[in-house]
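Let's walk through this structure together, from its sheets to its disulfides. Please keep the sequence and the model open as you read.

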Amino acid sequence: MKHHLLFTCYLFFFFFCRTPLVFSDKALPLQLRALLSLKLSLQDPDGTFQDWDPTTSFSKSDSQEPIWCSWSGVKCNPKTAQVTSLDLSQRNLSGVIPAEIRDLKSLIHLNLSRNAFDGQFPQIIFELTDIRTLDISYNSFNSTFPPGISKLRFLRHFGAYSNSFVGPLPKDLIFLRFLELLNLGGSYFDGDIPTTYGKFPRLKFLYLAGNQLVGPLPPQLGFMSQLEHLEIGYNIMLSGRLPDEFSLLTNLQYMDISNCSLSGELPPELGNLTKLESLLLFKNQLTGEIPVSFTNLKALKNLDLSDNRLSGTIPEGFSSLTELTRLSLMRNELTGEIPQGIGELPNIETLSLWENSLSGILPPKLGSNGKLQWLDVSSNSLSGPIPQNLCQGNKLFKLILFSNNFVDKIPPSLANCTSLTRLRIQNNRLNGTIPGGFGLLESLTFVDISKNNLTGAIPSDLGNAPQLQYLNISENSFDATLPSNIWSAPNLQIFSASWSRVVGEVPDFIGCKSVYKIELQGNSLNGSIPWNIVHCEKLLSLNLSSNSLTGTIPWEISTLRTITAIDLSHNLLTGTIPANFENCTTLETFNVSYNLLTGPIPKSGSIFPNLHPSSFSGNDGLCGGVLTKSCTADTLKPLEVEPRERQQPKKTAGAIVWIMAAGFVVGLVVLIAGTKCFRSNHSRRLMTSVRSDRGN
């Protein structure tokens, strides 16, 4: 009643106050009435209805069409001026669809997608019986789906993706004999998939993914002879076997039933789907071998059977699937060798076979097609060298080969692969040196070459890598020093070179502003810990244990605002533990055991009273704190060192004092010497004068 009153006032204002002379004797057109009612009923915070202005609609008496046919989102039949298409998508609209919308009787296309509609779906829309396409996707309708959609007897496309519908799937959809596209995905529909859904005579696209559907897949779905696209995955309670009847879907091009709970073996009959381009069955519980009949899927471009329990070998016939761009069989129980012909597939872009039990070598020609972008065969038992042409087309951006038995050198061509972003080849048997050039790759963010047999110099260009965030070269046998500029990579966050037979001194911490984790334990580093570690302002964890470091613990470490873990154990450090660490509130672990430290352990602070004594063991000169050994009266208290910037004036003042003292001493010596010289000359002159007097 309130809406009707407002609407009446609205129309009265526009047509009797502003344009009373033109149409005062005529009935208001139903099309205009319906559209203005819609504008008045809906909330439009972005003002998208601004051009829906009726005030000029009757002032143009010579106009060839009514003004509403020029409004945004509205299309009319040029002969009848009836609204045939209404597109209100992406307007952030909400509110209630008014009953007057039923007056748009010629409406064929209605798009309400990507708005903020919620609550009960408006059944009044079912009165628009001529509609062919209806899209309500990306809203928040949250009721059960109401009955009545079967009234839209000419409906061809119905999209309701990404809402919050609950309850069972609507069964009266089956009466829509012309329906070609049905998308009910991304809601909370539950219960079984109706067996009657197999009776759609013209359906080409069925999308039920991302709901809470349960039970087995109805074999009757295999009777939709026109179906081209089937997506019913991401219903984790869908179970049972993959029906053999699905092999009757001879027009099917796309099948996605991933992330469910399907079990049993793959039906060999699926090899009859010769038009199939994408087959996605990942994240199920499928068992048995991959049917050899799958090699008949000559149109296949995307095959993903990952995250199942498949066993046996990769069919040799996969080498004949020349349209294949993506093959993912990861996380299964596959054995045997990778068919060598897979390396010669002309269109392969992604090959993901990780976490199986594959053996043998990588196909030598892999990457030679110039299209390879992503290769992941990690966690297998592969051996032999890394193929030389993996980045031949300069499109490879992820190379993941870790935890295998690869041997020989790292191909130098990889250091020229400008597309590379991630390189993970750790835990193999690679030897030789690290090729120079990785630090010049502008897209490289992640490098892990740890746990190999690499030797020789560590390339200095790694310190210039513009995007490198993670660098791990641990557990190799370099027998080399760290490059002096290793901390200069502007985005480096984690650096690990532990147990790598690194020698020499720790490079000055210049440029380490982004580094938050440093692992250099288990090497032969010597010299002192650089005090300019204060430049590592984001440092969280520092591990320099098991080296031969000498000198004192830099108090600057205690000033790092985010430091949480420090391990300096098993070195030759001397001096005391700086009392400044008592003020370090972020510290969680602190280990300085087995050094040559002396003096008392800090007593206060957030961590020291709670540390285990083992954190300080092996230092005979330490006392107090959590140790049972008490400090004697003559034991020096650990000094709280002032910042080095504040120490500098004291040094300068001291130098001036020494210079002044030295000047005073020198002046005194000169004065004494001069006095003696004067006295000597004066005596000599006096004696000469006396002698002269005597001679005369």
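**Sheets, termini and disulfides**

Glu337 stands opposite Ser359 in strand 26. That pair is a handy place to begin, in what is a predicted model. Thr335 has a partner in strand 26 as well, and stands opposite Ser357. Both pairs belong to the junction of strand 24, residues 333-337, with strand 26, where three bridges hold the two in the parallel sense.

Now step across to the other neighbour of strand 24. Strand 22, residues 309-312, runs parallel to strand 24 and is joined to it by two bridges. Here the bridge partner of Gly312 is Leu334 in strand 24. As general background, strands of a sheet pair through backbone hydrogen bonds, in either the parallel or the antiparallel sense.

What order do the nine strands of this open sheet follow? They run 10-12-14-16-18-20-22-24-26, with parallel pairing. Strand 10 (166-167) and strand 26 (357-359) are the edge strands, each pairing on one side only. So when you follow Thr335 across to Ser357, you arrive in strand 26, and this strand is an edge of the sheet, as DSSP bridges define the pairing. It also helps to remember, when viewing any sheet, that in a regular strand the side chains alternate between its two faces.

Further along the chain there is another open sheet to visit. Four strands form it in the order 28-30-32-34, and the pairing is parallel. Its edge strands are strand 28 (383-384) and strand 34 (453-454), and each of them pairs on one side only. Let's look at one junction in this sheet: strand 32, residues 429-432, pairs with strand 34 in the parallel sense over two bridges. If you would like a landmark there, find Asn431, which stands opposite Asn453 in strand 34.

Before going on to the cysteines, let's see how confident the predictor is. The protein chain averages a pLDDT of 89, and 86% of the residues score at least 70. Which stretches should be treated with care? One of them is residues 1-26, where pLDDT stays under 50 and the model has 34 contacts beyond four places in sequence. Another is residues 668-696, where pLDDT also stays under 50, but the model has zero contacts beyond four places in sequence. Where pLDDT is low, the predicted coordinates should not be read in detail.

How many disulfides does a search of the whole structure find? There are four. With the bonded cysteines of the protein chain numbered in sequence order, the pairing reads 1-2, 3-4, 5-6, 7-8. Each such link is a covalent bond between the sulfur atoms of two cysteines.

Take the link of Cys69 and Cys76, whose sulfur atoms are 2.2 Å apart. The link is left-handed, with -100° about the S-S bond, and both cysteines are buried.

Next comes the disulfide that joins Cys391 to Cys417, at 2.0 Å from S to S. This link is right-handed, with 70° about the S-S bond. What does the pair tie together? Cys391 lies in the loop between strand 28 and strand 29 (398-400), and Cys417 in the loop between strand 30 (405-409) and strand 31 (422-424), so the link connects parts that are 26 residues apart in sequence. Strands 28 and 30 will be familiar from the four-stranded sheet. Cys391 is buried because its relative accessible area is 12%, under the 20% cut-off. Cys417 is also buried, with a relative accessible area of 1%.

A further disulfide joins Cys512 to Cys536, again given as 2.0 Å from S to S. With -105° about the S-S bond, the link of Cys512 and Cys536 is left-handed. Cys512 sits in the loop between strand 38 (502-505) and strand 39 (517-519), while Cys536 sits in the loop between strand 40 (524-526) and strand 41 (541-543), so this pair ties together parts 24 residues apart in sequence. Are these two cysteines buried or exposed? Cys512 counts as buried because its relative accessibility is 1%, and Cys536 counts as buried because its relative accessibility is 0%.

Two more cysteines round off the tour. Cys260 is buried, with a relative accessible area of 7%. Cys584 counts as buried too, at 3% relative accessibility.

Conventions: Residues numbered from 1 in each chain as written. Predicted model: local features only at pLDDT ≥ 70, side-chain atom pairs only at ≥ 80, totals over all residues. Heavy atoms only, no water. pLDDT = per-residue confidence, 0-100. Contact = heavy atoms within 4.5 Å. Disulfide = S-S within 2.5 Å. Buried < 20%, exposed > 50% of the residue type's maximum accessible area, 1.4 Å probe, protein only.
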